[in-house]
Amino acid sequence: MSSDTINVIDLSEYTGPVPRDHIRCMKEQYNVEGAIIQAWGGGNVSGRRNEYFHETVDNFISEGITLLDPYVWPPRDWQAALDWISDYSALLCGALYLDVEAGAGVTQEIVDGVIAAGWEPRIYSSYSAWRSIMEDSHAYNALKLWNARYVRRFQRSDGYYNPGFDVFPA
């Protein structure tokens with residue numbers, strides 16, 4: 001891995017609660033330095049907040065990992081997501097990732113709204129999702145991109161998912 005990348009983990013409602021000892025293990029064994037945590041949305045259900053968001057942020061911070069930002073799906077729910085996590089905004093790095101997948105894209109109105117709210121909009125998408133939903137648009141090239149690429153991902157028997165690791169430019 002090059003020196004301009006960091007190990008970041010994607011956590012969502014489906015990951016379930018993330019205990020501190022698991023975070024410590026991720027930090028020590030996999031050099032996880034940050035997390036992008038779903039604040040809103042899940043699966044094909046919009047309008048659903050991640051009830052584990054606040055606890056997850058608290059646990060990461062208590063383990064010394066402070067490179068944390070939220071993501072929202074669908075992107076049109078960005079305001080509801082920011083309202084849900086408003087009491088934690090000072091603990092986060094200041095970017096809101098707009099998750100382009102499952103038919104939900106991003107618009108300039110969404111980007112402008114996120115900026116007006118004082119957050120840095122970023123895109124969270126896989127190449128195939130961007131190509132099919134956003135028709136390979138270059139309109140958002142100025143925004144930073146998290147290109148979702150899951151190295152490890154397994155559904156657990158309890159319905160939650162084990163975390164998927166990704167590599168993200170620092």
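Trainee: Which residues are linked in a network of salt bridges?

Mentor: This is a predicted model, in which local features need pLDDT of at least 70, side-chain atom pairs count only at pLDDT 80 or more, and totals for chains, interfaces and linings use all residues. Residues are numbered from 1 along each chain as its sequence is written, and side-chain values use heavy atoms, with hydrogens and water left out. A salt bridge is taken as a side-chain nitrogen of Lys or Arg within 4 Å of a carboxyl oxygen of Asp or Glu. Under that criterion, the linked residues are R20, R24 and E63.

Trainee: How many residues apart are R20 and E63?

Mentor: The side chains of R20 and E63 meet in a salt bridge with an N to O distance of 2.9 Å. This pair links distant parts of the chain, with R20 in helix α1 and E63 in the loop between α2 (53–62) and β4 (67–72), where helices (H or I, at least four residues) and strands (E, at least two) are DSSP runs numbered from the N terminus. Along the chain, the separation of the pair is 43 residues.

Trainee: Is E13, which forms a salt bridge with R48, buried or exposed?

Mentor: The closest N and O atoms of E13 and R48 are 2.8 Å apart, and the pair joins the loop between β1 (5–11) and α1 (20–30) to strand β3 (residues 45–49). Buried means under 20% relative accessible area, exposed over 50% and partly exposed in between, with a 1.4 Å probe and protein chains only. R48 has a relative accessible area of 25% and is therefore partly exposed. E13 stands at 17% relative accessibility, so its class is buried.

Trainee: How many salt bridges does the rule give?

Mentor: Another pair is R49 with E51, whose closest N and O atoms are 2.7 Å apart. Both partners are partly exposed, R49 at 37% and E51 at 47%. The count of salt bridges comes to five.

Trainee: Within what arc do the buried residues of α4 fall?

Mentor: The buried residues of helix α4 (residues 108–116) are I110, V111, G113 and V114. They line one face of the helix, because their directions, taken from the helix axis to the C-beta atoms, fall within an arc of 165°.

Trainee: Which elements do the buried residues of α4 pack against?

Mentor: The face of α4 turned away from its buried side carries the exposed residues E109 and A116. For packing, contact means heavy atoms within 4.5 Å. By that measure, the partners of the buried residues are α3 (78–84), β5 (95–100) and β6 (120–125).

Trainee: How many residues of β6 are buried?

Mentor: β5 and β6 run parallel and are joined by six bridges, where two strands pair if DSSP finds at least two bridges between them; L96 stands opposite P121 in β6. β6 also pairs in the parallel sense with strand β7 (residues 145–147) over three bridges, and the bridge partner of Y124 is W146 in β7. β6 is largely enclosed by the rest of the structure, because the buried residues number five of the six.

Trainee: Which elements make a right-handed β-α-β unit with β6 and β7?

Mentor: A crossover is right-handed if, with the strands pointing away from the viewer, the path from the first strand over the helix to the second runs clockwise. One such unit is made by β5, α4 and β6. In the unit of β6 and β7, the remaining element is helix α5 (residues 127–133).
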